[in-house]
Amino acid sequence: MRIISGVTGKTKLLGVIGNPLSHSISPQLHNTLSKHMNIDAVYVPFEVKKENLSDAIKGLRALNVAGFNVTIPYKNDVMEYIDEFSREAELIGAVNTVKNENGKLYGYNTDVSGFVRSFKEESGMDLKGKKAVLLGAGGASRAIAVGLAFEGVSRISIINRTISKAEQIANIINNNTLTVAECFCTNDLKVPEVLREGDIIINTTSLGMFPDIEGTPVNFPFEFTKGQVLYDVIYNPAKTRFLMEGEKQGLKTVNGLGMLIYQGIQAYEIWMDVKVPERLIKNLYRAFSEL
Ligand code: ATR
């Protein structure tokens, strides 16, 4: 008989809590990372019902897991059970990564650095002093706004259907950073001008996501400005209509796969105190873009 040695008495346990988790790529991402980094750890999904969230976190602490990710719908609710937060997590009011250090739970938000690392890597543009336009004002928008402000953009214009949600994000930015944030309702007549004035336009809404791929956060026909970078948090399809229209006009475009991969890489680096080599990140990116 062959002894199965994939999991040993010393294997570290990692995982993700959320609901639903059937579409999550995180188990594949982290287990591939452990294999290639030669680290003895396994990452498993924990699909948790809302009424069991408190017990689930108590259980993870009691079982002494090394760390875990938190995804929809618990990124905010989980904060109640965490001991200490990174500045980003505190500002955003959301945690997507928890590290357990001797029973103490530390909460981080790696969506912030995930966005920044992927944007820099893929666009080649330095964010300092730039004007950014954010379409949408949900969780992804919050994390990206904080990332942009930490990178020193001069202005963030947040455009959203529900203005109050845009205002909440603008308040976080204006009260805590040197960046100036302003808000517009999607149907505001100034929107086309705001869009044309940005150096970067970022879609954080679900408009254009599979299966509704005709959706777009910008009303076309629309003439972008030369040199603008378009970023879409959507990665399925790999090119949304928003990105395709930009590409047709000769703009640099970036999709959300890099943000997804880098938020995971950053979480792994936090849990394991390692630096994932650039070559491995490139290979992971290639493998996941072919999924
Ligand atoms: P995420 O966590 O991925 O950011 P979210 O928190 O649900 O997701 O946020 C979704 C964003 O997309 C919101 O800004 C939402 O607008 P509202 O704040 O007005 O709800 C935006 N959005 C989703 N569907 C939209 C639609 N059909 N038209 C315009 N905006 C839409």
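This passage describes a sheet with two of the helices that contact it, and then a ligand site, in a predicted model.

Six strands make up an open sheet. Their order is S2-S1-S3-S5-S6-S4, and the pairing is mixed. Strand S2 (41–47) lies at one edge and strand S4 (84–85) at the other. Each of these edge strands pairs on one side only. Within the sheet, strand S5 (residues 97–101) and strand S6 (residues 104–108) run antiparallel and are joined by five bridges. One bridge links Thr97 to Tyr108 of S6.

Helix H1 (residues 26–37) packs on this sheet. Helix H1 touches S2 and strand S3 (67–70), and its direction makes about 170° with that of S2. Helix H9 (residues 257–272) lies across strand S1 (12–18), S2, S3, S5 and S6. The direction of H9 is at about 5° to S5.

The ligand is surrounded by residues that include Gly136, Ala137, Gly138, Gly139 and Ala140. Asn160, Arg161, Thr162 and Lys165 also belong to these surroundings, as do Thr205, Ser206 and Leu207. By class, the shell holds three nonpolar, seven polar and two charged residues.

Three side chains place polar atoms by ligand oxygen atoms. For Asn160, the distance from a polar side-chain atom to a ligand oxygen is 2.8 Å. A side-chain N or O atom of Arg161 lies 2.9 Å from an oxygen of the ligand. For Thr162, the corresponding distance is 2.4 Å. Taken alone, the ligand exposes 640 Å², of which the protein buries 64%.

Terms used
Residues are numbered from 1 along each chain as its sequence is written. This is a predicted model: local features need pLDDT of at least 70, side-chain atom pairs count only at pLDDT 80 or more; totals for chains, interfaces and linings use all residues. Side-chain values use heavy atoms; hydrogens and water are left out. A residue is near a molecule or strand if one of its heavy atoms lies within 4 Å of it. A polar contact is a pair of N or O atoms within 3.5 Å; within protein, one must be able to donate a hydrogen and the other to accept it, and residues adjacent in sequence count only if both atoms are side-chain atoms. Accessible areas come from the Shrake-Rupley method with a 1.4 Å probe; for residues, only the protein chains shown count as cover. Ala, Val, Leu, Ile, Met, Phe, Trp, Tyr, Cys and Pro count as nonpolar, Asp, Glu, Lys and Arg as charged, and the others, Gly among them, as polar. Two strands pair if DSSP finds at least two bridges between them. Helices (H or I, at least four residues) and strands (E, at least two) are DSSP runs, numbered from the N terminus. Contact means heavy atoms within 4.5 Å. Axes are lines fitted to C-alpha atoms, for helices over the stretch in contact, and angles run from 0 to 180 degrees between N-to-C directions.
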